[in-house]
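Me: I've got a model open and I'd like to learn how to read it. Can you walk me through a few features?

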Amino acid sequence: MWEQAQVRLRTIIQTDVMGNEEWDFLATHVPFEKLFVTKSGKTSAHEEVWSEEDVFRNLIMNPGKEHRFIIVRGDHGAGKSHLVRWLHARIKSTGSLVDYKVVFIRRIENNLQGALKQMLEQGVISRPEQQERIRRFLEASQVLTPLELKLKIYFGFLAKLEADQSHESVYKEAERQRLALLLSDQAVKDHLLRPGGPIDRFYSAIFDPRPVDRPRAEAVFLKEDFMDLASIMERLSQDHRVKRVFAEVTKEVGASKLARYLNGFSDLVIQEMANLAQGDIASLMKDLREDLKRKDMGLIVLIEDLTTFTGIQTELVKILSVAHGGEYSELCPILAIVGLTNAYYENYFRGNFQDRVTHQIVIKESSYDEELLARLAAKYINAAYLTTDEVKAWFARGADQAELPYRTWEPEFPWDTIEMADRRRFSLFPLTRKALIELFGRLANDEQNPRFFLRNVVRSQLDSWFGYRLGVDSFPDCTHFVKTKPVTLEWAYDMRLENSPRTREEKQRLRLLVGLWGDGTLEASGPAGKEMLAGLPLQFFDLLGYQSILDLAVDVSDKKPAIAPVEPPSRPTVSIDSRTRTFQNREAAIKAWYHQGQTLAFSDDMKKLVYDFIIDAVDWLSQGVPAKIVETEFSHRGMVYIEGQSERSADEERTLITVKRDKNGYEVLMALCHWDYHNSSWNFDDGPYMQYLAVNWLESKKQEMVDKLKGPSHEDGAILGWSMALEYIRLGVNGNLHPNLTDVQLLELLFKPKGEAEDARWREQGTLWHRLQIRVNRSKKSDYENSKVLLVELFRTKIGSPDRASLSQGHLYHRKEIDDAFRNLAAVGWDPTTLLPHDHRRLSKARRVAVEELNAVLPELKKVLEAEEKEFRELVAELGARLGEDLDEKSWRRAITQARKFLSDLSRYNIYVEAALDHSLQKLEKKLVRLVQLCAIVGDLAALSFHKRFALFSANPNALLRESLETIEAVEETAADKREFAAQQLKRLQDQYLRDLPAVSELCEEAEKIVGLIVELRGDGCASE
Amino acid sequence: MFRDSNSRPLREFGTPERVFAVARYLLDGPKTRNELKEGLSMSAIMGHIDENAFSYPLSYAQDLELIALRDGKYYLSVPKELVASINDFRFYTARTALSRTDSPFFRITSAVLSLNEALLLCRNLSELAQAVIQQGVEVSEYNMRGWRFWASFFGLGYIHKFQFVPNAFIRIRDALCQQQSLPIGEMIDVQTFFSWLETSCPELVSSRKDNRIGLAVSNGLRVLHNTGAVTLVNQPDAGKWKLYQFAAESLNDISHVRISGGLS
């Protein structure tokens, strides 16, 4: 039974609801009771409300054979075709219209081919030559491919354009040639022939069979077709004539002009495609009417949809609207009933066309009221249960509605029924009147008409009901409404359902049943055995397989009264309406995000609400997360990620928390949305529940957040240690450490708020140490600064939420943790290598900075220290070579004393020596103790800890040693210089002496001669004196 | 405030964090007041500390008997394990502070929790103070500023902007972690469970009206149920207590509670 019913249902409600058989059509027909009839073609004319039977009686039954050209109009899907079809059936069933030939053109293929085919079949075309041409046209789509047909249309327009001689005032010949050149351009041609383009639209209207539920795009050129050409400009031919006209037709004015111009050829091009000559339609109708006149008959023409006659509508309307008599006395009387849309009538039936119309039958929204919809549903439900044989037999008996068999399956419990025209009551099961109205209201605005009501409400729900009975589907069907217009119940009921242990799909279906079928509550009522839930019998839920449905029922007596009157939210700058609208939009967005999987609109606002809630509500201290870490690593709303966000500003992996698209995520967003709307307060009806939901979500996520904030090490002391170590290195590199530094002094240095400008003692440019200083004070300056801030702030107690923490109430530190970190570093000789995590990539950025820098700078520092040590050893060796290997105080003092005495002696002999040298020696004398200490260390260097070695070289001992060595060398150099100078002087003297020696001999000889002379003169005694 | 009305009043200067810092510093040995003050404030480097920032935490630490003064020096007066971690510290301080039913802190806490949903009417601490005064407990807005830090630290609720959100989830979970009298994994009837709970957490008594469980406890139990720490059971034909009623929830009455293992 169910299988057969499902097949029947799919037969009687096809995509084109009009496509079924005559017996089914009548078995499902529900009379229109409210048709708006005017006896004129004017849209403003007086209307009368008639039933369809009134229409038949007053307009179709036409004893005087008056000329009638009746328009049946309404919006898409309103039932125009249905009414025309019913009128046709009614005409056939009456015996009093036998002297009329009835031509009924249905909208079967919904194109010109289909319309002409029906005319051919119904004997409208009598001339053999015309019949042949139309047959060729009907075969055209089988002979030619769609592309070939489209090209024919395209070239048809092109030919009209090129050959046109009658529109010089629109386009001059030269302009037309340029336009033809443009339209012939390959890129333009492709554009016009593209799917959905103008040529495709013409092709579709002529050849393409199409279901009626998709309104066909009108077969016209639009201005947009040419304005859109701008998008293919780069592919356009380089011909300057093309470019010139291109610029014109892509502007709105030029595009409109060209579209209007080409549309003027539409009918001609289409008729040529259909092998129709101009006047063919008029002549064939004239032939028919003359023939009937001769037989003293009249003609009734019923056309479901005039637009199926694309290209020949105008000609058709003209000939159908010609009244018999007078100059047309050879024509028979005609009664034409033509269906068309309101839009078509307003656009194309103007002026004298409206004058040709004798009557209008208008189907309005009020034509299909709730009663009609319910009857329509009941008829279709019943028809689905009828077998084809049953309905055929009924049809054969005359299709009397009162005789229509009633086969609707009815449950054992009471259910909604509807009274039919024949006073019988038909059940609406499995639908209710309320469900029908609600579901109709949830159709898209342009679908709120009988066609879509039958297809998307009656057929879909009945199909799922049959499917359920066959065990292959569930009832009701949610597919049409879950995404477009989701059903949610009042918050408390909605959440009660959401909280129930049912599948997501089951909840969706129950929402539909309770919200659309039932009264929207989860309240139970009724005596035992006749219990109701949501105003629906419990047996209904049982029948549909919903187990333990009473678990959902709310005990009305337990409902908590409102906690307080809800204060109307008010903010001075924003009106209440605007706030309420925003709130409603947000609420709808959250529901769409959760239920339909849409991207969350207002996600930034929601992230802010979630962020503010987390930052306040988590007692970070209890979680062992210092406020500074929270402040640094959970610093803004961007750290909150809402699943399915469209923007990926922050990598989900790196955000602190994700609001999942699950029940908890939905609840927290809804709760905070309500909290925000109620002036940042939980004081509202559902406040106690919503704050519970918010906390519930928070507790489900807290550990994850805390783990992320704590990082892999879970040791805040470790973080402090890394920052402390980095600051220690910065201090050392800048020359602030020294071997005699006490722990108290070092701690003071570490925490002292000093910047590079104050404490950097720059080394000589080009040295390795200087390069290290550049790194610390320049290239990586911000890393060191941030690390220092973390060091100072990490264990400083704070009052209040991390984002609003007050520091004004004094500074008090977790001193134990600071001391522990200090001790840990001291224990490893301040070389933090062993304290660093193995895999720092998992650390947060704030923490990673210190670790990464330590990892980078430590090896560099150690290399520099090695270089310093090497130089240190070399300097000491040099000094030893000069001053003696001991380099103790005695040797230093002796050396300095001797050097100074030497300088002093030189000075005494008026030998010039630079005063600076003596000053240097004096300085050395003052640093004697330090020098002695340094030189004594060299033997122990290898045994020094990292800290001792770093502290040693931080104080730049090599500078002093170098200075000492240079001073000693300067003295040595001076001594050497002076000795050389003295030697030169001496040599010069010696040389002088030797040069002068022969002269002395001569002098001696001369003297001796003189002495001899004197002796000779005065005797020996006088001469020897 | 944790001892009696003569002890130092509730103010925001003496936060749980600061009291924890004071106690922890004494793990390294007794110190004079000056040593404590200079060490905790790092005054040699950071300059002198505001006296309140030091004296309030010091007094509260004494009130909570974490530290004591002997021979001019403060020393840790509890086993080191009780200040080994913030959890241990919370267990101890909550247990101590909330067992003194005559202390100002207890009376305020009890009054706040007894407000139940009326607590949500209070948009800020000033209004909360007024509501507490109406319960017959003398208190000022300043006191409430200090109270909220300890109340949220003890797990009796959450701070959200200027409101206190009552939910005893953490407080009850802490009590469950420490308890040894109730069986794990077995059904405990609701009277027995509450008898234990209200002995362990006497401040929760005031929020209950007969068998109607107060908002903070009810919501706390619901969260415990959702996190799997306990299972709330509504057994037919058994004596029932009422949770705070939510139409959206199917579980509104409970007859038994089952405590899960693995709580720590």
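Reply: Sure. Keep in mind that this is a predicted model. Let's start with one residue and the company it keeps: skipping neighbours within four places in sequence, B:Leu66 is in contact with B:Val19, B:Ala23, B:Ala61, B:Tyr75, B:Leu76, B:Ser77, B:Val78, B:Val83, B:Phe89, B:Tyr92 and B:Thr93.

Me: Which residues touch the most other members of the largest nonpolar core?

Reply: B:Leu66 is one of them, along with A:Phe453, A:Trp517, A:Phe634 and A:Met724, in a core of 325 residues. Helix H38 of chain A (residues 845-883) gives the most to this core, 13 residues. Another core lies apart from it, with 82 residues, including A:Leu149 and A:Ala336.

Me: Now the outside. Is A:Leu994 buried or exposed?

Reply: Exposed, because its relative accessibility is 53% and the cut-off is over 50%. You'll find A:Leu994 in helix H43 of chain A (residues 957-1018). Together with A:Tyr993, A:Leu997 and A:Val1000, A:Leu994 makes a nonpolar surface patch of about 380 Å².

Me: And how do I read the interface between the chains?

Reply: Interface size is often given as the accessible area lost when the parts come together. Here, chain A and chain B bury about 5,500 Å² between them, with carbon and sulfur atoms giving 59% of that. Of the area chain A buries against chain B, A:Tyr692, A:His811 and A:Leu812 supply 12%, more than any other three residues. In terms of contacts, 59 residues of chain A meet 59 of chain B.

Me: How many salt bridges are there between chain A and chain B?

Reply: Four. For one to look at, try B:Asp28 with A:Arg823, where the closest N and O atoms are 2.9 Å apart.

Key:
Residues are numbered from 1 along each chain as its sequence is written. Chains are lettered from A and ligands numbered from 1 in the order in which they are written. This is a predicted model: local features need pLDDT of at least 70, side-chain atom pairs count only at pLDDT 80 or more; totals for chains, interfaces and linings use all residues. Side-chain values use heavy atoms; hydrogens and water are left out. A nonpolar core is a set of buried Ala, Val, Leu, Ile, Met, Phe, Trp, Tyr and Cys residues joined through side-chain atoms within 4.5 Å. Buried means under 20% relative accessible area, exposed over 50%, partly exposed in between (1.4 Å probe, protein chains only). Helices (H or I, at least four residues) and strands (E, at least two) are DSSP runs, numbered from the N terminus. Contact means heavy atoms within 4.5 Å. Patches are made of residues with over 30% relative accessible area and no salt bridge: like charges are joined within 9 Å, nonpolar side chains (Val, Leu, Ile, Met, Phe, Trp, Tyr) within 5 Å. Accessible areas come from the Shrake-Rupley method with a 1.4 Å probe; for residues, only the protein chains shown count as cover. A salt bridge is a side-chain nitrogen of Lys or Arg within 4 Å of a carboxyl oxygen of Asp or Glu. Buried area is the accessible area (1.4 Å probe) that two parts lose on being put together, summed over both.
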